Amino acid sequence: MAIFTMIFSTQLAADEFNKYFIQEVRVCYDENEKISSKSFFLQNCKAMPLSEVKTGNKLTWIGTTFNLGDPEHIDKPVGLFFSAQAAAEFYFNGELIGRNGYPSLQAEEEQPGVMDFVTYIPKGLLKEHQNELVIKLSSHHKAFDISRSIPLAIVTYYDSPQDIVLHHYLPTLVPLGVLIIGLIFLSVLVWQDLSPRRGTFWLPILSLLVVLQLLTEVSRGLVAYEYPYHEVRLMVILLLGTLSGLSLLLYIIDGFVQNHRKACFLLSMLFTLVCIYLGNTIENKTVFAIQVPAGVSFLITAFQAFNRQENARKHASALFIFFIIIAVNPNQFLDLYFYYFVAALLLFFFVQHAIAYKHEQSQKQLAQQRAAQLQQALDEYSEQQTPSKIKLNLADKSEWISCENICFVKGARDYVEISLLDRRNVLHNETLTLMEEKLPATFLRIHRSYIVNKQLIQSLEKLPSGGGNLILSSGDTVPVSRRIMPKIRKQLG
């Protein structure tokens, strides 16, 4: 009689019961419905690891015996947590303790069970030695038969199956938050940037796909779905993983490949799909979906780093670390580390994009400043060659005055007082703001109440208060406000 091999998730402590993970079982296939829970251990059944049990379109019985320890030390309700693509009945020491769906030899008579199920084990049934567990199963409604039929069975404290699964996925909230923040951040940057950098468009798409993949993964802890939907869920995860890998390829190819980008992507995509097809399990296929594009992306960036392309070395280093982490332990990577390291890789991309975006904005601002300075210089030169004139509405007449003859303009509520080179002071019925708009580029606002002709400035006198005075060639002295003083000093060079 084979004994169910159990391993402790933690050590058995005094007065406390810990999880037992079931690893090996005896398996019998019942083609004529002759086996029962009472007769199971009298059958000539085959021993095998739980993960290798294939239920298929058969009525399957699995069972084991194990030593539990002193039941008196167990102070909380105990249950069997069972995750399987099957309908099942559970017998503990000869007694029916639960049913998940309804198993049957005939497909039309089977009622599918939920993927994750917990059944209570009455404390009165617990023995210190030779506890017998027998499970009757059928799996007529599997969608694709691409994953293990029975991935997990644990004897543990009784709890909601969704709570147990959700507790497993709880640490993924950290990378989920990083991914969502990055998705919003990149989407805003791409939306605001009218001429985005090459490859930038694919980053928010990559982030969105990984977010959807993570939410699909976590959905197992939120919804108690029937087992036929489990492989549909796994196929969705594989599809999203494949699209994520291809988005990573597009980001790298679009950003670092100069010529024949389409051919490079098609060849890389074909190689990725072949590797996915050759994967022997759905888990391996999902790992290949991201590992292969990461490896190809590393080769592309490493080649461009050799050619001294900007940022290629940083990207090659990040992708190399990411690829090696997957290669060291691909099975644990998919379950435990996947979303952390994908989030870390995307965070690196976010930072690089933010740095590049800031640099580009600085360059644009610098170019705009230079263009404005050039335009101002051209305007001033044009004004010197052909001085413009301005029409003044005086008290009793209108008069056209050349702007080169204006020394400064002083605001006086709804009027301005204009000081001219011929020593006249005239009153014009317009505000200082309107005058500033009409005057040419040779005039400069130096105070909330003063506009001065730059061509007449001789010197700038700084005052202890932080403001200053401009000395004009006309002999006038005009105040400069403290707030505008840095701008004036920059303008005067």
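# Working through a predicted protein chain

The protein chain folds into ten helices and 21 strands; helices (H or I, at least four residues) and strands (E, at least two) are DSSP runs, numbered from the N terminus. This is a predicted model, where local features need pLDDT of at least 70 and side-chain atom pairs count only at pLDDT 80 or more, while totals for chains, interfaces and linings use all residues. Residues are numbered from 1 along each chain as its sequence is written, and side-chain values use heavy atoms, with hydrogens and water left out.

## Exercise 1: the whole chain

Task: Find out what share of the residues is buried, and what share of the accessible surface belongs to carbon and sulfur atoms.

Solution. Step one: get the cut-offs straight. Buried means under 20% relative accessible area, exposed means over 50%, and partly exposed is in between (1.4 Å probe, protein chains only). Of the 493 residues, 47% count as buried.

Step two: look at the surface. Areas come from the Shrake-Rupley method with a 1.4 Å probe, and for residues only the protein chains shown count as cover. The chain's accessible surface comes to about 26,000 Å², and 56% of that belongs to carbon and sulfur atoms.

Step three: check how far contacts reach along the sequence. A contact means heavy atoms within 4.5 Å. Take the contacts between residues at least 6 apart in sequence: 66% of them join residues at least 24 apart.

## Exercise 2: a salt bridge across the sequence

Task: Locate R220 and D116, and work out why their salt bridge ties together separate parts of the chain.

Solution. Step one: know the rule. A salt bridge is a side-chain nitrogen of Lys or Arg within 4 Å of a carboxyl oxygen of Asp or Glu. R220 and D116 form one, with their closest N and O atoms 2.8 Å apart.

Step two: place both residues. R220 sits in the loop between α3 and α4, while D116 is in strand β9 (residues 116-121), so the pair ties together parts that are 104 residues apart in sequence. Both R220 and D116 are buried.

Step three: try another pair. E217 and R233 also meet in a salt bridge, at 3.2 Å from N to O. E217 belongs to helix α3 and R233 to helix α4, so this pair links parts 16 residues apart in sequence. E217 counts as buried at 15% relative accessibility, and R233 is buried too, at 6%.

Step four: look at E430 and K438, whose side chains meet in a salt bridge (2.4 Å, N to O). Here E430 is buried, with a relative accessible area of 14%, whereas K438 is partly exposed at 48%.

Step five: put these in context. The whole structure has nine salt bridges, and E399, D422 and R424 are linked in a network of them.

## Exercise 3: the largest cavity

Task: Which helix gives the most residues to the lining of the largest cavity?

Solution. Step one: pin down the term. On a 1 Å grid over the protein atoms alone, a cavity is a set of points where a 1.4 Å probe fits but cannot get out, and lining residues have an atom within 4 Å of a point. Grid points are joined across faces, edges and corners, and a volume is the space filled by probe spheres set on the points.

Step two: count and size. There are two cavities of 30 Å³ or more, and the largest holds about 50 Å³ of space.

Step three: go round the lining, which includes L206, S244, F322 and F349. Helices α3 (202-218), α4 and α8 (330-385) each supply at least two lining residues. The winner is α8, with four residues.

## Exercise 4: a nonpolar patch and a strand residue

Task: Decide whether V232 and L152 are buried, partly exposed or exposed.

Solution. Step one: start with V232, which is in helix α4 (residues 228-256). At 36% relative accessibility, V232 counts as partly exposed.

Step two: find the company V232 keeps. Together with F144, Y229, M235 and V236, V232 makes a nonpolar surface patch of about 440 Å².

Step three: move to L152, in strand β11 (residues 152-157). L152 is partly exposed, at 29% relative accessibility.

Step four: see what L152 touches. Leaving aside neighbours within four places in sequence, L152 is in contact with F21, L50, F81, F82 and S83. L152 and S83 are 69 residues apart in sequence, yet 5.2 Å apart in space, C-alpha to C-alpha.

Note on methods
Patch = residues over 30% accessible without salt bridge, like charges linked within 9 Å, V, L, I, M, F, W, Y side chains within 5 Å. 1 Å grid on protein atoms, 1.4 Å probe; cavity = no way out; pocket = protein on both sides within 12 Å on 5 of 7 lines; lining within 4 Å.
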